[in-house]
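Colleague: I have this model open on my screen and would love to talk through how its helices pack and where it leaves empty space. Could you walk me through it?

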Amino acid sequence: MSGTRHTGVLLATCISTLVVNANTSAVAILLPAISDDTGTPVSTLQWAVTGYSLVGAAVIITSGSLGDVFGRKRVFQCGLLLFIASCVLIALAGSGEMVIAGRMIQGAAGATILACGMSLLTVAFEGHDQVRAVSLWGAAAAVGAAAGPLVGGVLVGTTGRQGLFWIDAAIAAGCVVLTFAAVAESRDPDRPRSVDYLGTVLVALTLGPLILALSKGSDWGWVSVATLGCAALAVASGVGFVVAERRVAVPLLDLALLRNRVLVGATVAILIGAGTINALMYVLSLYFQDPAALGFSPLEAGLATLPATVGLVLSAPLVPRLAARLGGRQVVGIGFLLTAVGFAWIGFADAGWQYAAFFAPLVAAAVGMGMSNGPSSAAATSSVPPRQVGEASGVSNMARYVGAAVATAIAATLYSSVTADRVAQGESQAVALTAGLTTTAWVMAALSLAGVAMAVVMGRHQEARGTLADAVAAAASVSHTLPTSATAVPRSSTS
(Lines give C-alpha, C1' and ligand atoms only; values in the text may rest on other atoms or scores of the structure.)
Protein backbone atom coordinates (compact mmCIF):
# COMPACT_ATOMS: atom_id res chain seq x y z
CA MET A 1 0.00 0.00 0.00
CA SER A 2 1.35 3.43 -0.95
CA GLY A 3 2.24 6.12 1.57
CA THR A 4 -0.74 8.20 0.42
CA ARG A 5 -3.14 5.33 1.09
CA HIS A 6 -1.55 4.68 4.46
CA THR A 7 -2.09 8.30 5.39
CA GLY A 8 -5.63 8.23 4.03
CA VAL A 9 -6.61 5.19 6.11
CA LEU A 10 -5.09 6.70 9.23
CA LEU A 11 -6.76 10.09 8.78
CA ALA A 12 -10.18 8.71 7.85
CA THR A 13 -10.34 6.26 10.74
CA CYS A 14 -8.84 8.53 13.40
CA ILE A 15 -10.92 11.59 12.53
CA SER A 16 -14.16 9.61 12.32
CA THR A 17 -13.42 7.88 15.64
CA LEU A 18 -12.69 11.19 17.36
CA VAL A 19 -15.95 12.67 16.06
CA VAL A 20 -18.05 9.65 17.04
CA ASN A 21 -16.68 9.56 20.58
CA ALA A 22 -16.93 13.32 21.04
CA ASN A 23 -20.52 13.25 19.82
CA THR A 24 -21.40 10.37 22.12
CA SER A 25 -20.00 11.97 25.26
CA ALA A 26 -21.40 15.43 24.42
CA VAL A 27 -25.05 14.49 24.19
CA ALA A 28 -25.72 14.32 27.95
CA ILE A 29 -24.73 18.00 28.21
CA LEU A 30 -27.21 18.86 25.45
CA LEU A 31 -30.26 17.13 26.94
CA PRO A 32 -31.64 20.15 28.88
CA ALA A 33 -31.29 22.32 25.75
CA ILE A 34 -33.00 19.68 23.61
CA SER A 35 -35.74 19.43 26.23
CA ASP A 36 -36.33 23.20 26.13
CA ASP A 37 -36.26 23.25 22.33
CA THR A 38 -38.61 20.33 21.74
CA GLY A 39 -40.79 20.49 24.85
CA THR A 40 -39.92 16.89 25.67
CA PRO A 41 -39.26 15.95 29.31
CA VAL A 42 -35.66 15.05 30.11
CA SER A 43 -36.92 11.78 31.60
CA THR A 44 -38.09 10.82 28.10
CA LEU A 45 -34.95 12.11 26.42
CA GLN A 46 -32.87 9.63 28.41
CA TRP A 47 -33.72 7.34 25.49
CA ALA A 48 -31.45 9.53 23.37
CA VAL A 49 -28.63 8.10 25.52
CA THR A 50 -29.86 4.60 26.29
CA GLY A 51 -31.27 4.06 22.79
CA TYR A 52 -27.89 4.88 21.28
CA SER A 53 -26.16 2.33 23.50
CA LEU A 54 -28.87 -0.29 23.00
CA VAL A 55 -28.56 -0.24 19.20
CA GLY A 56 -24.77 -0.03 19.41
CA ALA A 57 -24.69 -3.17 21.57
CA ALA A 58 -26.80 -5.04 19.03
CA VAL A 59 -24.77 -4.15 15.94
CA ILE A 60 -21.12 -3.64 16.94
CA ILE A 61 -20.13 -7.26 16.36
CA THR A 62 -22.43 -7.67 13.36
CA SER A 63 -21.02 -4.59 11.64
CA GLY A 64 -17.53 -6.05 11.91
CA SER A 65 -18.80 -9.29 10.40
CA LEU A 66 -20.44 -7.39 7.55
CA GLY A 67 -17.14 -5.69 6.84
CA ASP A 68 -15.30 -9.02 6.73
CA VAL A 69 -17.85 -10.45 4.29
CA PHE A 70 -18.90 -7.52 2.06
CA GLY A 71 -15.87 -5.27 2.31
CA ARG A 72 -14.58 -3.21 5.22
CA LYS A 73 -14.29 0.00 3.23
CA ARG A 74 -17.83 -0.36 1.91
CA VAL A 75 -19.38 -0.99 5.32
CA PHE A 76 -17.26 1.76 6.92
CA GLN A 77 -18.57 4.22 4.33
CA CYS A 78 -22.13 3.03 4.96
CA GLY A 79 -21.56 3.74 8.66
CA LEU A 80 -20.34 7.26 7.83
CA LEU A 81 -23.34 7.93 5.58
CA LEU A 82 -25.69 6.65 8.27
CA PHE A 83 -23.95 8.89 10.80
CA ILE A 84 -24.43 11.91 8.53
CA ALA A 85 -28.11 11.08 8.07
CA SER A 86 -28.60 10.72 11.82
CA CYS A 87 -26.89 14.06 12.50
CA VAL A 88 -29.11 15.81 9.96
CA LEU A 89 -32.22 14.18 11.41
CA ILE A 90 -31.31 15.28 14.95
CA ALA A 91 -30.38 18.80 13.84
CA LEU A 92 -33.73 19.22 12.02
CA ALA A 93 -35.78 17.43 14.68
CA GLY A 94 -38.76 19.35 15.98
CA SER A 95 -39.70 16.74 18.56
CA GLY A 96 -38.00 14.63 21.18
CA GLU A 97 -39.14 11.50 19.39
CA MET A 98 -37.22 12.52 16.26
CA VAL A 99 -34.12 13.19 18.35
CA ILE A 100 -34.40 9.77 19.96
CA ALA A 101 -34.88 8.10 16.57
CA GLY A 102 -31.85 9.94 15.23
CA ARG A 103 -29.76 8.89 18.19
CA MET A 104 -30.73 5.24 17.79
CA ILE A 105 -29.68 5.41 14.14
CA GLN A 106 -26.50 7.09 15.33
CA GLY A 107 -25.85 4.16 17.66
CA ALA A 108 -25.75 1.81 14.68
CA ALA A 109 -23.60 4.23 12.73
CA GLY A 110 -21.13 4.84 15.53
CA ALA A 111 -20.67 1.15 16.27
CA THR A 112 -20.09 0.45 12.58
CA ILE A 113 -17.51 3.24 12.25
CA LEU A 114 -15.58 2.04 15.28
CA ALA A 115 -15.65 -1.66 14.37
CA CYS A 116 -14.79 -1.29 10.69
CA GLY A 117 -12.36 1.56 11.25
CA MET A 118 -10.26 -0.64 13.50
CA SER A 119 -10.41 -3.46 10.94
CA LEU A 120 -9.25 -1.13 8.16
CA LEU A 121 -6.27 -0.09 10.25
CA THR A 122 -5.19 -3.59 11.17
CA VAL A 123 -5.19 -4.78 7.55
CA ALA A 124 -3.53 -1.63 6.18
CA PHE A 125 -0.49 -1.74 8.47
CA GLU A 126 1.88 -4.44 9.68
CA GLY A 127 4.36 -4.84 12.50
CA HIS A 128 5.55 -1.68 14.24
CA ASP A 129 3.56 0.52 11.85
CA GLN A 130 0.38 -1.28 12.87
CA VAL A 131 1.10 -0.71 16.56
CA ARG A 132 1.70 2.96 15.86
CA ALA A 133 -1.47 3.32 13.75
CA VAL A 134 -3.66 1.56 16.30
CA SER A 135 -2.12 3.69 19.05
CA LEU A 136 -2.98 6.89 17.16
CA TRP A 137 -6.52 5.58 16.65
CA GLY A 138 -6.77 4.86 20.36
CA ALA A 139 -5.48 8.33 21.20
CA ALA A 140 -8.12 9.86 18.92
CA ALA A 141 -10.83 7.80 20.64
CA ALA A 142 -9.64 8.93 24.07
CA VAL A 143 -9.39 12.61 23.12
CA GLY A 144 -12.87 12.54 21.60
CA ALA A 145 -14.40 10.96 24.69
CA ALA A 146 -12.71 13.50 26.98
CA ALA A 147 -13.40 16.59 24.86
CA GLY A 148 -17.04 15.83 24.02
CA PRO A 149 -18.79 17.43 27.02
CA LEU A 150 -16.75 20.62 26.73
CA VAL A 151 -17.25 20.84 22.96
CA GLY A 152 -20.96 20.23 23.42
CA GLY A 153 -21.16 22.96 26.07
CA VAL A 154 -19.35 25.46 23.85
CA LEU A 155 -21.45 24.72 20.78
CA VAL A 156 -24.86 24.70 22.46
CA GLY A 157 -24.08 28.15 23.84
CA THR A 158 -22.94 29.56 20.48
CA THR A 159 -24.78 27.66 17.75
CA GLY A 160 -27.69 26.13 19.63
CA ARG A 161 -28.12 22.42 20.23
CA GLN A 162 -28.14 21.82 16.44
CA GLY A 163 -24.59 23.07 15.91
CA LEU A 164 -22.84 19.95 17.20
CA PHE A 165 -24.70 17.72 14.77
CA TRP A 166 -24.24 19.97 11.72
CA ILE A 167 -20.50 20.19 12.37
CA ASP A 168 -20.20 16.44 12.95
CA ALA A 169 -22.14 15.76 9.74
CA ALA A 170 -19.76 17.99 7.78
CA ILE A 171 -16.67 16.30 9.21
CA ALA A 172 -18.13 12.85 8.52
CA ALA A 173 -18.85 13.91 4.94
CA GLY A 174 -15.18 14.81 4.56
CA CYS A 175 -14.28 11.35 5.86
CA VAL A 176 -16.54 9.77 3.23
CA VAL A 177 -14.67 11.59 0.45
CA LEU A 178 -11.29 10.77 1.98
CA THR A 179 -12.21 7.09 2.37
CA PHE A 180 -13.44 6.88 -1.23
CA ALA A 181 -10.25 8.44 -2.58
CA ALA A 182 -7.55 6.99 -0.36
CA VAL A 183 -8.67 3.72 1.28
CA ALA A 184 -8.35 0.33 -0.40
CA GLU A 185 -11.06 -2.30 -0.07
CA SER A 186 -10.40 -5.45 1.94
CA ARG A 187 -12.35 -8.45 3.17
CA ASP A 188 -11.74 -11.82 4.78
CA PRO A 189 -11.96 -14.49 2.04
CA ASP A 190 -11.61 -17.32 4.56
CA ARG A 191 -14.61 -16.29 6.63
CA PRO A 192 -17.98 -17.99 5.93
CA ARG A 193 -20.35 -15.55 4.26
CA SER A 194 -23.16 -16.11 6.73
CA VAL A 195 -23.87 -13.29 9.19
CA ASP A 196 -25.76 -13.81 12.44
CA TYR A 197 -28.62 -11.38 11.83
CA LEU A 198 -30.91 -13.34 14.14
CA GLY A 199 -28.46 -12.90 17.01
CA THR A 200 -28.43 -9.15 16.42
CA VAL A 201 -32.22 -8.97 16.55
CA LEU A 202 -32.37 -11.09 19.70
CA VAL A 203 -29.81 -8.89 21.47
CA ALA A 204 -32.00 -5.88 20.69
CA LEU A 205 -35.13 -7.74 21.84
CA THR A 206 -33.38 -8.65 25.08
CA LEU A 207 -32.07 -5.20 25.90
CA GLY A 208 -34.96 -3.10 24.57
CA PRO A 209 -37.72 -4.48 26.83
CA LEU A 210 -35.32 -4.64 29.77
CA ILE A 211 -34.42 -0.96 29.45
CA LEU A 212 -38.06 -0.04 28.86
CA ALA A 213 -39.03 -1.84 32.07
CA LEU A 214 -36.26 -0.10 34.01
CA SER A 215 -37.26 3.27 32.58
CA LYS A 216 -41.04 3.01 33.00
CA GLY A 217 -41.35 0.55 35.89
CA SER A 218 -41.78 3.27 38.52
CA ASP A 219 -44.60 4.83 36.48
CA TRP A 220 -46.28 1.59 35.47
CA GLY A 221 -45.70 -0.19 38.78
CA TRP A 222 -42.95 -2.75 39.21
CA VAL A 223 -45.41 -5.65 39.28
CA SER A 224 -47.74 -4.28 36.61
CA VAL A 225 -48.65 -6.28 33.52
CA ALA A 226 -46.60 -3.95 31.31
CA THR A 227 -43.45 -4.18 33.42
CA LEU A 228 -43.68 -7.93 33.90
CA GLY A 229 -44.46 -8.36 30.20
CA CYS A 230 -41.30 -6.46 29.23
CA ALA A 231 -39.28 -8.56 31.66
CA ALA A 232 -40.76 -11.77 30.26
CA LEU A 233 -39.99 -10.70 26.68
CA ALA A 234 -36.41 -9.85 27.66
CA VAL A 235 -35.93 -13.24 29.33
CA ALA A 236 -37.51 -15.11 26.42
CA SER A 237 -35.33 -13.25 23.92
CA GLY A 238 -32.24 -13.95 26.01
CA VAL A 239 -33.05 -17.67 26.07
CA GLY A 240 -33.74 -17.53 22.35
CA PHE A 241 -30.35 -15.91 21.80
CA VAL A 242 -28.58 -18.75 23.62
CA VAL A 243 -30.47 -21.35 21.59
CA ALA A 244 -29.80 -19.53 18.31
CA GLU A 245 -26.09 -19.12 18.98
CA ARG A 246 -25.71 -22.88 19.37
CA ARG A 247 -27.09 -23.47 15.88
CA VAL A 248 -25.66 -20.80 13.55
CA ALA A 249 -22.48 -21.37 11.54
CA VAL A 250 -20.77 -18.16 12.69
CA PRO A 251 -22.41 -17.05 15.94
CA LEU A 252 -22.45 -13.48 17.21
CA LEU A 253 -21.12 -14.88 20.49
CA ASP A 254 -19.23 -18.15 20.81
CA LEU A 255 -20.87 -19.46 23.99
CA ALA A 256 -17.73 -21.51 24.72
CA LEU A 257 -16.06 -18.20 25.59
CA LEU A 258 -18.31 -18.00 28.64
CA ARG A 259 -16.32 -20.88 30.16
CA ASN A 260 -13.27 -18.63 30.21
CA ARG A 261 -13.17 -17.29 33.76
CA VAL A 262 -10.78 -14.44 33.03
CA LEU A 263 -12.76 -13.25 30.02
CA VAL A 264 -16.08 -13.37 31.87
CA GLY A 265 -14.72 -11.49 34.86
CA ALA A 266 -13.03 -8.89 32.66
CA THR A 267 -16.14 -8.44 30.50
CA VAL A 268 -18.44 -7.92 33.47
CA ALA A 269 -15.90 -5.49 34.95
CA ILE A 270 -15.92 -3.55 31.65
CA LEU A 271 -19.73 -3.57 31.68
CA ILE A 272 -19.85 -2.19 35.23
CA GLY A 273 -17.18 0.43 34.56
CA ALA A 274 -18.78 1.70 31.36
CA GLY A 275 -22.22 1.67 32.95
CA THR A 276 -21.32 3.61 36.07
CA ILE A 277 -19.28 6.32 34.30
CA ASN A 278 -22.07 6.90 31.77
CA ALA A 279 -24.67 7.00 34.53
CA LEU A 280 -22.54 9.49 36.46
CA MET A 281 -22.16 11.79 33.46
CA TYR A 282 -25.87 11.61 32.69
CA VAL A 283 -27.07 12.50 36.20
CA LEU A 284 -24.45 15.16 36.91
CA SER A 285 -25.08 16.87 33.57
CA LEU A 286 -28.73 17.27 34.53
CA TYR A 287 -28.06 18.20 38.16
CA PHE A 288 -25.45 20.82 37.36
CA GLN A 289 -27.73 22.54 34.82
CA ASP A 290 -30.97 22.44 36.82
CA PRO A 291 -31.90 25.96 38.03
CA ALA A 292 -32.96 24.49 41.39
CA ALA A 293 -29.52 22.89 41.87
CA LEU A 294 -26.37 24.60 40.58
CA GLY A 295 -27.99 26.32 37.60
CA PHE A 296 -24.96 26.02 35.32
CA SER A 297 -25.01 26.91 31.65
CA PRO A 298 -24.18 24.08 29.21
CA LEU A 299 -20.64 25.41 28.90
CA GLU A 300 -20.22 25.58 32.66
CA ALA A 301 -21.61 22.05 32.97
CA GLY A 302 -19.14 20.85 30.34
CA LEU A 303 -16.29 22.44 32.28
CA ALA A 304 -17.63 21.01 35.54
CA THR A 305 -17.55 17.44 34.22
CA LEU A 306 -13.96 17.73 32.96
CA PRO A 307 -12.50 16.21 36.16
CA ALA A 308 -14.41 13.02 35.33
CA THR A 309 -13.76 12.86 31.57
CA VAL A 310 -10.24 14.22 31.37
CA GLY A 311 -9.21 12.66 34.67
CA LEU A 312 -10.28 9.26 33.40
CA VAL A 313 -8.34 9.57 30.16
CA LEU A 314 -5.23 11.13 31.72
CA SER A 315 -4.97 8.65 34.59
CA ALA A 316 -5.50 5.56 32.44
CA PRO A 317 -2.13 5.69 30.59
CA LEU A 318 -0.31 5.57 33.93
CA VAL A 319 -2.02 2.32 34.89
CA PRO A 320 -0.37 -0.35 32.66
CA ARG A 321 3.02 -0.05 34.38
CA LEU A 322 1.31 -0.17 37.76
CA ALA A 323 -0.60 -3.26 36.66
CA ALA A 324 2.61 -4.88 35.40
CA ARG A 325 4.10 -4.34 38.86
CA LEU A 326 1.13 -5.19 41.10
CA GLY A 327 -0.98 -7.40 38.85
CA GLY A 328 -3.92 -6.44 36.67
CA ARG A 329 -6.65 -7.86 38.84
CA GLN A 330 -5.24 -6.12 41.92
CA VAL A 331 -5.31 -2.78 40.10
CA VAL A 332 -8.85 -3.45 38.85
CA GLY A 333 -9.99 -4.15 42.40
CA ILE A 334 -8.31 -1.02 43.78
CA GLY A 335 -9.80 1.02 40.95
CA PHE A 336 -13.34 -0.12 41.66
CA LEU A 337 -12.85 0.52 45.37
CA LEU A 338 -11.74 4.07 44.63
CA THR A 339 -14.69 4.55 42.28
CA ALA A 340 -17.05 3.28 44.98
CA VAL A 341 -15.56 5.80 47.40
CA GLY A 342 -16.16 8.59 44.89
CA PHE A 343 -19.78 7.61 44.39
CA ALA A 344 -20.36 7.15 48.12
CA TRP A 345 -18.89 10.60 48.72
CA ILE A 346 -21.44 12.08 46.33
CA GLY A 347 -24.05 10.02 48.18
CA PHE A 348 -23.56 12.32 51.18
CA ALA A 349 -24.33 15.47 49.17
CA ASP A 350 -26.92 17.93 50.42
CA ALA A 351 -28.75 20.79 48.74
CA GLY A 352 -26.20 23.29 50.05
CA TRP A 353 -23.25 21.76 48.18
CA GLN A 354 -21.52 24.03 45.69
CA TYR A 355 -19.41 22.74 42.84
CA ALA A 356 -16.18 22.71 44.87
CA ALA A 357 -17.64 19.94 47.04
CA PHE A 358 -18.07 17.72 43.98
CA PHE A 359 -14.54 18.13 42.66
CA ALA A 360 -12.71 15.61 44.87
CA PRO A 361 -15.26 12.76 44.51
CA LEU A 362 -15.33 13.32 40.73
CA VAL A 363 -11.55 12.97 40.61
CA ALA A 364 -11.69 9.87 42.81
CA ALA A 365 -14.32 8.24 40.58
CA ALA A 366 -12.39 9.17 37.43
CA VAL A 367 -9.04 7.85 38.65
CA GLY A 368 -10.75 4.67 39.86
CA MET A 369 -12.33 4.19 36.46
CA GLY A 370 -8.98 4.76 34.80
CA MET A 371 -7.44 2.09 37.00
CA SER A 372 -10.12 -0.52 36.29
CA ASN A 373 -10.80 0.05 32.58
CA GLY A 374 -7.39 -0.59 31.05
CA PRO A 375 -6.42 -3.79 32.90
CA SER A 376 -9.90 -5.23 32.33
CA SER A 377 -9.62 -4.67 28.59
CA ALA A 378 -6.10 -6.08 28.55
CA ALA A 379 -7.27 -9.19 30.41
CA ALA A 380 -10.14 -9.73 27.97
CA THR A 381 -7.87 -10.01 24.93
CA SER A 382 -4.95 -11.75 26.66
CA SER A 383 -7.07 -14.58 28.03
CA VAL A 384 -7.87 -16.22 24.67
CA PRO A 385 -5.85 -17.88 21.88
CA PRO A 386 -4.98 -15.83 18.76
CA ARG A 387 -7.94 -17.08 16.73
CA GLN A 388 -10.40 -15.78 19.37
CA VAL A 389 -8.88 -12.34 20.03
CA GLY A 390 -11.33 -10.65 17.68
CA GLU A 391 -14.28 -12.37 19.34
CA ALA A 392 -13.07 -11.47 22.83
CA SER A 393 -12.60 -7.86 21.77
CA GLY A 394 -16.08 -7.82 20.25
CA VAL A 395 -17.63 -9.22 23.43
CA SER A 396 -15.94 -6.60 25.59
CA ASN A 397 -16.98 -3.82 23.22
CA MET A 398 -20.56 -5.04 23.31
CA ALA A 399 -20.35 -5.07 27.11
CA ARG A 400 -19.53 -1.34 27.10
CA TYR A 401 -22.71 -0.57 25.20
CA VAL A 402 -24.80 -2.88 27.33
CA GLY A 403 -23.42 -1.37 30.54
CA ALA A 404 -24.01 2.17 29.33
CA ALA A 405 -27.59 1.40 28.29
CA VAL A 406 -28.63 -0.47 31.43
CA ALA A 407 -26.87 1.71 34.02
CA THR A 408 -28.05 4.95 32.42
CA ALA A 409 -31.62 3.65 32.39
CA ILE A 410 -31.32 2.76 36.09
CA ALA A 411 -29.80 6.16 36.91
CA ALA A 412 -32.42 8.06 34.92
CA THR A 413 -35.25 6.18 36.63
CA LEU A 414 -33.84 6.64 40.11
CA TYR A 415 -33.04 10.31 39.62
CA SER A 416 -36.44 11.26 38.20
CA SER A 417 -38.60 9.00 40.41
CA VAL A 418 -36.91 9.89 43.70
CA THR A 419 -37.03 13.58 42.82
CA ALA A 420 -40.73 13.38 41.94
CA ASP A 421 -41.53 11.42 45.11
CA ARG A 422 -39.74 13.96 47.32
CA VAL A 423 -41.52 16.87 45.65
CA ALA A 424 -44.84 15.08 46.17
CA GLN A 425 -43.95 14.77 49.86
CA GLY A 426 -43.66 18.55 50.08
CA GLU A 427 -39.87 18.96 49.93
CA SER A 428 -38.31 21.77 47.92
CA GLN A 429 -37.12 21.13 44.38
CA ALA A 430 -33.49 21.60 45.45
CA VAL A 431 -33.75 19.05 48.26
CA ALA A 432 -35.65 16.64 46.02
CA LEU A 433 -33.05 16.86 43.24
CA THR A 434 -30.26 16.21 45.72
CA ALA A 435 -32.13 13.17 47.03
CA GLY A 436 -32.39 11.85 43.48
CA LEU A 437 -28.67 12.43 42.95
CA THR A 438 -27.57 10.80 46.20
CA THR A 439 -29.80 7.76 45.75
CA THR A 440 -28.36 7.23 42.30
CA ALA A 441 -24.82 7.67 43.62
CA TRP A 442 -25.29 5.01 46.31
CA VAL A 443 -26.59 2.51 43.74
CA MET A 444 -23.60 3.22 41.48
CA ALA A 445 -21.31 2.75 44.51
CA ALA A 446 -22.85 -0.69 45.09
CA LEU A 447 -22.30 -1.61 41.43
CA SER A 448 -18.68 -0.49 41.72
CA LEU A 449 -18.21 -2.81 44.69
CA ALA A 450 -19.53 -5.61 42.47
CA GLY A 451 -16.65 -4.70 40.16
CA VAL A 452 -14.25 -5.57 42.99
CA ALA A 453 -15.75 -9.05 42.98
CA MET A 454 -15.04 -9.29 39.24
CA ALA A 455 -11.39 -8.57 39.93
CA VAL A 456 -11.41 -11.70 42.09
CA VAL A 457 -13.23 -13.73 39.42
CA MET A 458 -10.63 -12.76 36.80
CA GLY A 459 -7.86 -14.62 38.63
CA ARG A 460 -4.31 -14.76 37.32
CA HIS A 461 -3.72 -14.05 33.64
CA GLN A 462 -1.14 -12.82 31.15
CA GLU A 463 -0.20 -9.23 32.01
CA ALA A 464 0.63 -6.40 29.64
CA ARG A 465 4.22 -5.16 29.97
CA GLY A 466 3.30 -1.48 30.35
CA THR A 467 4.57 -0.20 26.98
CA LEU A 468 3.57 3.08 25.34
CA ALA A 469 1.06 1.17 23.20
CA ASP A 470 -0.40 -0.32 26.38
CA ALA A 471 -0.80 3.20 27.79
CA VAL A 472 -2.72 4.30 24.70
CA ALA A 473 -4.88 1.18 24.82
CA ALA A 474 -5.70 1.95 28.45
CA ALA A 475 -6.68 5.53 27.59
CA ALA A 476 -8.89 4.33 24.74
CA SER A 477 -10.51 1.64 26.87
CA VAL A 478 -13.21 4.09 27.94
CA SER A 479 -14.79 3.42 24.54
CA HIS A 480 -13.03 0.51 22.81
CA THR A 481 -10.82 -2.50 23.47
CA LEU A 482 -7.44 -2.38 21.76
CA PRO A 483 -4.76 -5.10 21.70
CA THR A 484 -1.94 -4.81 24.23
CA SER A 485 1.51 -6.33 24.62
CA ALA A 486 -0.19 -9.29 26.32
CA THR A 487 -2.50 -9.96 23.35
CA ALA A 488 -1.76 -12.78 20.93
CA VAL A 489 -2.78 -10.90 17.79
CA PRO A 490 -3.88 -13.07 14.85
CA ARG A 491 -2.70 -12.37 11.32
CA SER A 492 -5.23 -10.30 9.36
CA SER A 493 -6.23 -10.96 5.80
CA THR A 494 -5.76 -8.08 3.34
CA SER A 495 -7.43 -9.55 0.27
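Colleague: What is the handedness of the crossing of α14 and α15?

Modeller: Keep in mind that this is a predicted model. Helix α14 (residues 355-382) packs on α15 at an angle of about 145 degrees, and their axes are 8 Å apart. The crossing of α14 and α15 is right-handed.

Colleague: Thanks! And how many charged residues are there in the contact of α14 with α15?

Modeller: On the α14 side we have S377, A380 and T381, which meet V389, A392, S393, S396 and R400 in α15. By class, the contact of α14 with α15 holds 3 nonpolar and 4 polar residues, and the charged ones number 1.

Colleague: Now for α9 and α13: are they roughly parallel or roughly antiparallel?

Modeller: Helix α9 (residues 261-289) and helix α13 (residues 328-347) have axes 12 Å apart, packed at an angle of about 25 degrees. Angles under 35 degrees count as roughly parallel. So α9 and α13 are roughly parallel.

Colleague: Which residues of α13 does α9 meet?

Modeller: The crossing of α9 and α13 is left-handed. By class, their contact has 6 nonpolar and 2 polar residues, with no charged ones. From α9 come A269, I272, G273, T276 and L280, and they meet, in α13, F336, F343 and I346.

Colleague: Let's turn to the empty space. Which helix gives the most to the lining of the largest cavity?

Modeller: The largest cavity has a volume of about 530 Å³. It is lined by 28 residues, and nearest its centre lie N21, T24, S25, N278 and V478. Its lining divides into 19 nonpolar, 7 polar and 2 charged residues. The helix that gives the most, with 6 residues, is α1.

Colleague: And which one gives the most to the lining of the second largest cavity?

Modeller: Here the space is about 160 Å³. Of the 21 lining residues, P320, G374, P375, A378 and A464 lie nearest the centre of the second largest cavity. At least two lining residues come from each of α12 (319-326), α14 and α17 (468-476). With 6 residues, the one that gives the most is α14.

Colleague: One last thing: which helix gives the most to the lining of the second largest pocket?

Modeller: About 480 Å³ of space lies in that pocket, and the lining residues closest to its centre are F241, L253, V395, M398 and V402. The lining has 18 nonpolar and 3 polar residues, and no charged ones. Giving the most, with 5 residues, is α9.

Notes. Residues are numbered from 1 along each chain as its sequence is written. This is a predicted model: local features need pLDDT of at least 70, side-chain atom pairs count only at pLDDT 80 or more; totals for chains, interfaces and linings use all residues. Side-chain values use heavy atoms; hydrogens and water are left out. Axes are lines fitted to C-alpha atoms, for helices over the stretch in contact, and angles run from 0 to 180 degrees between N-to-C directions. Helices (H or I, at least four residues) and strands (E, at least two) are DSSP runs, numbered from the N terminus. Angles under 35 degrees count as roughly parallel, over 145 as roughly antiparallel, 65 to 115 as roughly perpendicular and the rest as oblique. A crossing is left-handed if the near helix is turned anticlockwise from the far one by less than a right angle, and right-handed if clockwise. Contact means heavy atoms within 4.5 Å. Ala, Val, Leu, Ile, Met, Phe, Trp, Tyr, Cys and Pro count as nonpolar, Asp, Glu, Lys and Arg as charged, and the others, Gly among them, as polar. On a 1 Å grid over the protein atoms alone, a cavity is a set of points where a 1.4 Å probe fits but cannot get out, and a pocket is an open set with protein on both sides within 12 Å along at least five of seven lines; lining residues have an atom within 4 Å of a point. Grid points are joined across faces, edges and corners, and a volume is the space filled by probe spheres set on the points.
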